[in-house]
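The paragraphs below walk through one protein model, going from a surface feature to the interior and then to the charged pairs. Please keep the sequence and the 3D view open while reading.

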Amino acid sequence: MASMIAQSSPRTAVPVALPCAAQPSGAQKPPPIRTRRFGIAMRITLGLSVMALLVVLIGGVSMSSFRLFRAEVTALSTSTLPEVITSAELHGSLQKLVAQLPQLAAAGSTPQRRSIYDGLVTELDSMQLLVARMRGLMKDGDTGDVERDRNIRLLEQTRSTLLILAATVADLNAEITRQIEYGDRLAEAARGLSRLAVSMESLPDTGAWAARIGALMARAAGATQLDHLSRLKGEARAAERTLADLARLTGGAPDPTGQMMSTVQEELFSLLVAPGGLFESAIDRLQARNRAQALTGQARVLVETVERSTRALYDSIRDQSAERTGALAELIADRTRTVMMLAAASVILAVGVHFIFRRFLSSRLVAMNRAVLARLSGGDVRNGQDPVPIPVPVDGDDEITDIGASIRYFIDEIDRRQRALADNERRFRDLVEGSIQGIVIHRDFHPLYANDSFAAMLGLTVADVIALPSLLTLVPVEERQELIDNYDRLLDVGQASRRRRIRARRPDGGGLWVELTGRRVDWMDGHAIQAVVVDVTREVEAENALRQSRDAAERALGELKATQASLIQAEKMASLGQLVAGVAHEVNTPIGITITGASQLQTLIEELSDRHAANALKKSDFQRFLSDGMEMAALILSNSTRAANLVQSFKLVAVDQSSDERRPFLLRDYIDELLRSLHPTYKARPALTIAVDCPAELELDGYPGALSQILTNLIMNALVHALDPEQPGRIAIAAHPAAGDMVELSVSDDGNGIAPEVLPKIFDPFFTTRRGSGGSGLGLHIVYNLVTGRLHGTIAAESRPGEGTRFTLRFPRITAA
């Protein structure tokens, strides 16, 4: 509502066109102008001819003097003085830069660093602008000046040094950013180390292992304070060796203590030497600090260079300004004497001209002016009678006579137009009073005028609006200061303000939203503010309802995404559970045989012991025991080895699938381990063949867990969707290096294939052709996300119904971090 306070609308001012050129019916015609007579103009021209000759002579002398003076003043004001001011500003900006540069190097937090860096960039940009301005000033100056050429060279040196300094400051800012980031990571790792130390107090007594763990943690905490990069890296390598030795101690400890020790050791490995751990963060922070110190030193050298250049430039420009100012002072003193003499001659000439003009011109013009003023005031009052209009004198036969006749005509025309203007003003007031928009005029927030629409908007009458002590009472307290500032700005500038929307309230307590604009107008001998107010309460309520609907839709989308993420995680756990069930079933057989063999061997040993105790042991009994015992031992060893291999393969694949650890591995060996873990799921298909074509020396550096999940899902997808259990089938896995240090991996089958209308949708989430048979539609979606996200690669599918399907993956051999 307080836009009335400071705003007005272009819609408020309705221009009224007054007829100027058109002559209404009944208007008087202007008097004719007579020519070719020896009037006052000819007489004055003749009298002034002599004065003109003298004036031309004086003017020539004066012009020659003042032209030189003006040239010197112009050169001083447009070139020398701006150069001095600009060079002083350049030197002042450099001092600010010098003060802010150490603060950037010492910044300890991201907001502090960003604030200081923004200030430095602002100062550098300001200095570049000042250099460009100085260069433009010097180019506009005299050419061929040796001193000016020297100053231009200093400017070019300053400009190039500032460019290098700006790049150095940007590099310094980047290093400080990394130093702060690595410091935060180091602090987080230190806090994790403290939490681990507290959790170890609940462990049972583990002897030397606990002592070495405590020593390692203490040594790691002390290593973060090292300022020597080589020593810090040496500490990191020592920590890795210590962790390797602790792993061997952990392997011999019985469960559950051994399992807890292993968990502590893995967490300590993650905190200390894993990527992003304590040692790596400390090394990165120290390297960033060393680079920042080098860049700070370089920046100081560049600042000193700029300091020398700007100081030399300022001294040179100041000396030139002093020389030019002295020369200008001498010129002023010399030319002042000449002008004083010419001024005395001009005064004498003006006295003569005064008497001539008074005789032929001014006395008649005074009489004409008196008549005009009396006519405008209503007439001349004489002896208490009614005012009588004094006619404008038109006696004589010269130009003044014509002027009198013209003035008389224009006075009559002004009277007629004033009457027309009053009619137009009355019509304009009727238009404003009937406007559907609220219009109010106020000064210092006190209403001076308001139309009916504005009063109805507030639920008041026009008289009630005018009686309000201040329009600020219609506006919330928190918005009043802004409206006061806008009011002052409108009074100073005078331009119409932009349309804006605010919240207001009626005197009865009801609230409303209004849209208003304002402008400055002249009202009752002073400036005031005219505002146009439109009630937009319904529009605001509709916008709020639309915004609430949008927020509800966004919340629903967030819940849908969270549900999708939980389903994807459930799919991964289900795949891992299926693998566990298959391996457990496969391990049962060798373990059962091992138990049977061990039981039989125990029976043989008891029989041999009984016969030996009864002194009935024969050589043939002993030989039979040796033969049967060797057979049982061989049976136990072969089946135990088989079970151990199955467990080892499952452990490797399962750990990789359930963790995001990155490590180097041989692709062919890893595929073989994965197929060994998956063998229980397809061993019931004797007609199935799985062929692997991969170089044995092909080594990857990446995430084996992601690759295991991808191959598991593709193989299980082929077993479930493509191949019939009763029919022969073949799955081929092929991998080979590709150009650009890439790896191409393909998984193909000769099964049923995929229909053309289904093929574009197979990677979509929740799409499945076995909705009623347990399919979730997330298997290939997980594959797509792992290939494109974790492995930074691509995946494509080719299929023809009845001929099989081929999935082709391309990803870097060394996965980017």
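Start with Phe355, which sits in helix H8, a helix spanning residues 278-376. The model is a predicted one. Phe355 has a relative accessibility of 55% and therefore counts as exposed, since the cut-off for that class is over 50%. Together with Val347 and Val351, Phe355 makes a nonpolar surface patch of about 300 Å².

The overall figures give some background to this patch. The protein contains 17 helices and twelve strands. Of its 817 residues, 37% are buried. The accessible surface comes to about 45900 Å², and carbon and sulfur atoms account for 57% of that area. Among contacts with a separation of 6 or more, 71% join residues that are 24 or more positions apart.

From the surface, turn to the interior. Rolling a probe the size of a water molecule over the atoms shows where empty space is left. How many cavities of 30 Å³ or more does the structure hold? There is one. The space in the largest cavity is about 50 Å³. Its lining consists of Phe665, Leu700, Asp701, Gly702, Tyr703, Leu707, Leu791, Phe811, Pro812, Arg813 and Thr815. Which strand gives the most to this lining? Strand E8 does, with three residues. Strand E8 covers residues 699-702, and both E8 and E12 supply at least two residues each to the lining.

One of the lining residues is Thr815. Thr815 belongs to the segment that follows strand E12, which runs over 804-812. Is Thr815 buried or exposed? With a relative accessible area of 3%, Thr815 is buried, because the limit for that class is under 20%. Leaving aside residues up to four places away in sequence, Thr815 touches Arg662, Asp701, Gly702, Tyr703, Arg790, Leu791 and His792. Asp701, Gly702, Tyr703 and Leu791 also appear in the cavity lining.

Two of the residues touched by Thr815, Arg662 and Asp701, also form a salt bridge with each other, the closest N and O atoms being 3.4 Å apart. This pair links distant parts of the chain: Arg662 is in the loop between helix H14 (619-658) and strand E6 (663-666), whereas Asp701 is in strand E8, 39 residues apart from Arg662. Arg662 is partly exposed at 30% relative accessibility, and Asp701 is partly exposed at 25%. Asp701 thus takes part in this salt bridge, lines the largest cavity and touches Thr815.

Gly793 leads to another view of the C-terminal part of the sequence. Gly793 lies in the loop between helix H17 (779-790) and strand E11 (794-800). Gly793 is buried, with a relative accessible area of 10%. Apart from residues up to four places away in sequence, Gly793 touches Val787, Thr788, Arg810 and Phe811. Phe811 is one of the residues lining the largest cavity. Gly793 and Leu809 are 16 residues apart along the chain, and their C-alpha atoms are separated by 7.1 Å.

The charged pairs come last. Side chains of opposite charge can pair when their charged atoms come close. A search of the whole structure finds 15 salt bridges. In one of them, the side chains of Arg178 and Glu175 meet at 2.4 Å, N to O. Why are these two residues separated by about one helical turn? They are three residues apart in helix H4, which covers residues 146-200, so the separation is about one turn. Arg178 is partly exposed, with a relative accessible area of 30%, while Glu175 counts as buried at 8%.

A further pair is Glu803 with Arg800, whose side chains meet in a salt bridge at 4.0 Å, N to O. Glu803 is exposed, with a relative accessible area of 54%, and Arg800 is exposed as well, at 56%. Elsewhere, a network of salt bridges links Arg499, Arg501, Glu515, Glu539 and Glu543.

Conventions. Residues are numbered from 1 along each chain as its sequence is written. This is a predicted model: local features need pLDDT of at least 70, side-chain atom pairs count only at pLDDT 80 or more; totals for chains, interfaces and linings use all residues. Side-chain values use heavy atoms; hydrogens and water are left out. Patches are made of residues with over 30% relative accessible area and no salt bridge: like charges are joined within 9 Å, nonpolar side chains (Val, Leu, Ile, Met, Phe, Trp, Tyr) within 5 Å. Accessible areas come from the Shrake-Rupley method with a 1.4 Å probe; for residues, only the protein chains shown count as cover. Helices (H or I, at least four residues) and strands (E, at least two) are DSSP runs, numbered from the N terminus. Buried means under 20% relative accessible area, exposed over 50%, partly exposed in between (1.4 Å probe, protein chains only). Contact means heavy atoms within 4.5 Å. On a 1 Å grid over the protein atoms alone, a cavity is a set of points where a 1.4 Å probe fits but cannot get out, and a pocket is an open set with protein on both sides within 12 Å along at least five of seven lines; lining residues have an atom within 4 Å of a point. Grid points are joined across faces, edges and corners, and a volume is the space filled by probe spheres set on the points.
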